[in-house]
Amino acid sequence: MNHELIRPEPWQTCTCLGQWHYDRGIYERKAYKPAKQVIQRLLDIISKNGNLLLSVPQRGDGMRLTLPPPGPGAFVPVLRVEGSGIA
């Protein structure tokens with residue numbers, strides 16, 4: 001598959017902020033993918049008729065992760081500007 005082309009049919013891919021499972025070392029180091037990297041990937045995928053499934057792993061005790069700033073809030077300015085083209 002050529003990831004550089006706009007595809008005529010909708011498609012989906014997925015990624016995770018860290019590992020596909022809880023990794024205490026990543027959690028302790030706050031070594032998740034930076035918001036900028038995730039947003040750039042999201043916009044690239046959307047521009048090619050794609051959908052991004054973003055996985056946020058839970059902690060080992062089942063609690064939600066506390067993501068480092070800006071966390072999920074990083075998407076808000078992008079959606080304000082690009083939201084009508086994304087929806």
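Colleague: How many cavities of 30 Å³ or more does the structure hold?

Modeller: Rolling a probe the size of a water molecule over the atoms shows where empty space is left. Here there is one such cavity (1 Å grid points over the protein atoms alone, where a 1.4 Å probe fits but cannot get out). This is a predicted model: local features need pLDDT of at least 70, side-chain atom pairs need 80 or more, and totals for chains, interfaces and linings use all residues. Residues are numbered from 1 along each chain as its sequence is written, and side-chain values use heavy atoms, without hydrogens or water.

Colleague: How much space lies in the largest cavity, and which residues line it?

Modeller: About 40 Å³, the space filled by probe spheres set on the joined points. G18, Q19, H21, Y22, D23, I26, Y27, Y32, P57 and L65 form the lining (an atom within 4 Å of a point). By class, six are nonpolar, three polar and one charged.

Colleague: Which residues make up the largest nonpolar core?

Modeller: In soluble globular proteins, nonpolar side chains tend to be buried together. Here the six are L17, I26, Y27, Y32, V38 and L65. A core joins buried Ala, Val, Leu, Ile, Met, Phe, Trp, Tyr and Cys through side-chain atoms within 4.5 Å. Buried means under 20% relative accessible area with a 1.4 Å probe, protein chains only. Of the protein's 87 residues, 24% count as buried.

Colleague: What is V38 in contact with, leaving aside neighbours within four places in sequence?

Modeller: Contact means heavy atoms within 4.5 Å. V38 touches L17, K33, L54 and F75 that way.

Key: Buried < 20%, exposed > 50% of the residue type's maximum accessible area, 1.4 Å probe, protein only. 1 Å grid on protein atoms, 1.4 Å probe; cavity = no way out; pocket = protein on both sides within 12 Å on 5 of 7 lines; lining within 4 Å. Nonpolar A, V, L, I, M, F, W, Y, C, P; charged D, E, K, R; others polar.
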